[in-house]
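Please take a moment to look over the model below, which is a predicted one. The paragraphs that follow walk through some of its strands, helices and cores in turn.

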Amino acid sequence: MLRQVCCSGFQPFRQRLLPWLQSTVLSRSHRVQSSAIRHVRSWSNIPFITVPLSRTHGKSFAHRSELKHAKRIVVKLGSAVVTRGDECGLALGRLASIVEQVSVLQNQGREMMLVTSGAVAFGKQRLRHEILLSQSVRQALHSGQNQLKEMAIPVLEARACAAAGQSGLMALYEAMFTQYSICAAQILVTNLDFHDEQKRRNLNGTLHELLRMNIVPIVNTNDAVVPPAEPNSDLQGVNVISVKDNDSLAARLAVEMKTDLLIVLSDVEGLFDSPPGSDDAKLIDIFYPGDQQSVTFGTKSRVGMGGMEAKVKAALWALQGGTSVVIANGTHPKVSGHVITDIVEGKKVGTFFSEVKPAGPTVEQQGEMARSGGRMLATLEPEQRAEIIHHLADLLTDQREEILLANKKDLEEAEGKDQVTGRRLAAPLLKRLSLSTSKLNSLAIGLRQIAASSQDSVGRVLRRTRIAKNLELEQVTVPIGVLLVIFESRPDCLPQVAALAIASGNGLLLKGGKEATHSNRILHLLAQEALSIHGVKEAIQLVNTREEVEDLCRLDKMIDLIIPRGSSQLVRDIQKAAKGIPVMGHSEGICHMYVDSEASVDKVTRLVRDSKCEYPAACNALETLLIHRDLLRTPLFDQIIDMLRVEQVKIHAGPKFASYLTFSPSEVKSLRTEYGDLELCIEVVDSVQEAIDHIHKYGSSHTDVIVTENEKTAEFFLQHVDSACVFWNASTRFSDGYRFGLGAEVGISTSRIHARGPVGLEGLLTTKWLLRGQDHVVSDFSEHGSLKYLHENLPVPQRNTN
């Protein structure tokens, strides 16, 4: 079934709705004038979307990525989600966001059902209001004055609160869903309704008819009359579950209605292996039947009938009945506004219940293995780390045939159409994907350079200071920790990055593009084979699960640095998705070359050709050529244009350049463009200062070049251009770790902290301080203490440069 809808943003809706709810729904009369708001529609600027939804119910989804195919969905709202922190009244803003998300999914053609708590809390608020009002009236009559004394609120019986709150709760939901032209219907059930076959059939028929009419059923236990739960009656096989709380009700309803997905929202992020808040508690990403023994359950939530143990039992029962389940946090202000839609989109939110265990370790387990393996790697002797890298270099040449065979398979698959997108891989990406004998030989040479330069990288003393007598301080280099390197279409990146991680003693998580699956697999196996000679095989992990890049960027407790290698769009997406993890890289490679009025005719065409045409897809390729105005209509200018025409480079004229021409090439759409192809922007400037100003305004601080024979002008340019790499009479393509003599690079950074430019071994190290004393205490250095600070600089051991 295909349905197109236009969706709404969450925040504007809440801003309009909350004042109205507070003044109308929560008034004493408690009558919702829904007709007064029926004309208000909340549609946003989200474009029309088309969602194919068809699935035969039977088995639950095996992977999160399949959840986007869920047609029928039950959302269970726990008491902690629906109620305020004071447990008296509803969390209106949170409910508005949830209703908005449910409406978005409903309008996509899905069939949504809600199982909601909240009647007791809403009723408690109403009854307290009534009691306070009644007491204040009596007190005023009795005392003859309006001054109120402190009044004690009696303990309110839950069933009475439920009876008082059901109508108000439903009126609230009706008002909210009306904003999206969606009708809602209330159904109250008890455990007996599921045990009576006729009532079960009636309930089933009612729900199906409501869904057929595009109505959202809102289901709740009838807490006004519900009897206490029977002891030991829970989960008696696949066909029996005691409905003693809304968790079990949601599970029972999901199985009865053959639901694809059950979303259980609570006040915790999901299921933890021990009570949330304890020191060692870890969120479980995927929970499998039989894993209950590995979990220690804590107490139940502040409100509601069931705790996490009840939720897990209900979830496993629903899973056994063919319904996928996710338990997630519906109260966190940063995620509650999109938690439901994120889950349906397959994002890594909460705990996903699955019956299919992956063949290999989870990405969390891989992160732990990389952490422990990296620490072991860092303790090896420098000669041992160098030996590992040398062995990897040898394997690249010894296993050349197997590597090229795997790469050939990737190329053949990439040249065909992608089964999901229906598109072929772009030509520049195909070129990056390709491996050859010469590439492998160059890789091996680069790896041996890294091995040679790594002899004293880890543990090198940078500074020594004598703080006081027998109190000496050292600053030494240490690994950063665990690196996550995400790369696309570049299998040659894998051994380069692996060698740099080994040399610097860092653990490494690698996430390659699917287009290089076969090449990456064999190269990773070779890296682990090399690591095995000193027992640190697990230090480098290749992520082969269906992990989305955005989900990997959230693993802030496992990853210390993210390094993207790929398109500018990939880098921007990662910088946006990374939460609390630094990202090293550049989002764009807009490289400039300024041809000065005193440039050499012989040098210019060679430099421009090499910078633009040698490898136009590279991030260090020339994108904008700045030409001094005096060079226009000169032989030098004509030679540049003729060369570009021969090389079939498409020229885009900048605004000033276009003004000098009668018939100009296509005018550039933006001066801040990375073409990544045989295209080039040409612009005219009046001086070296204007060229610098242009670079600072439109460049990306990557690599910029001046071509001139005037040394003074060149030095002015070198000192004043604020980019990671600034060259004089040299191609932009020299901006590369291998060409700089770093052996290889993990990328080029344009950030202004830590590493900048091509990042090699040094950029993957940080420092720590070592202080060696003999019973020194700070109080000895006080005004009346016996010791004085010396702060003497001590000689540092000379670095081995051989």
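Ala184 has Val216 as its bridge partner in strand β6, and this pair belongs to a parallel pairing in which strand β5, residues 184-189, is joined to β6 over 6 bridges. Strand β4, residues 111-116, also runs parallel to β6 and is joined to it by 2 bridges, with Leu114 standing opposite Ile218 of β6. Strand β6 itself spans residues 216-221, and 6 of its 6 residues are buried. The cover extends to both of its faces, since on one side Val216, Ile218 and Asn220 are buried, and on the other side Pro217, Val219 and Thr221 are buried as well.

Further along the chain there is an open sheet of 6 strands, paired in parallel and arranged in the order β19-β20-β18-β17-β21-β22. Its edges are formed by β19 (650-653) and β22 (725-728), each of which pairs on one side only. Between neighbouring strands of this sheet the average turn is 20°, with direction ignored. At the β22 edge, strand β21 (residues 703-707) pairs with β22 in the parallel sense over 4 bridges, and there Val705 stands opposite Phe727 of β22.

Helices pack on this sheet too. Helix α21, residues 601-613, touches β17 (591-595), β18 (622-628), β20 (679-685) and β21, and its direction makes about 160° with that of β18. Helix α25, residues 711-720, lies across β17, β21 and β22, and it runs at about 175° to β22.

Where, then, are the nonpolar residues gathered? As background, nonpolar side chains in soluble globular proteins tend to be buried together. In this model the largest nonpolar core holds 51 residues, and the members that touch the most others are Leu377, Ile388, Ile389, Ile403, Leu508 and Leu510. Helix α17, residues 493-504, supplies the largest share of this core, with 9 residues. Taking Ile389 as an example, and leaving aside its neighbours within four places in sequence, the residues in contact with it include Leu447, Ile450, Ala451 and Ser454, together with Ala499, Ile502 and Ala503. A second core, separate from this one, has 43 residues, among them Ile73, Val75, Ala184 and Phe352. Ala184 thus brings the account back to its starting point, as the residue whose bridge partner in β6 is Val216.

Conventions
Residues numbered from 1 in each chain as written. Predicted model: local features only at pLDDT ≥ 70, side-chain atom pairs only at ≥ 80, totals over all residues. Heavy atoms only, no water. Buried < 20%, exposed > 50% of the residue type's maximum accessible area, 1.4 Å probe, protein only. Pairing = 2+ DSSP bridges. Axes fitted to C-alpha atoms, helices over the stretch in contact; angles between N-to-C directions. Contact = heavy atoms within 4.5 Å. Core = buried A, V, L, I, M, F, W, Y, C linked by side-chain atoms within 4.5 Å.
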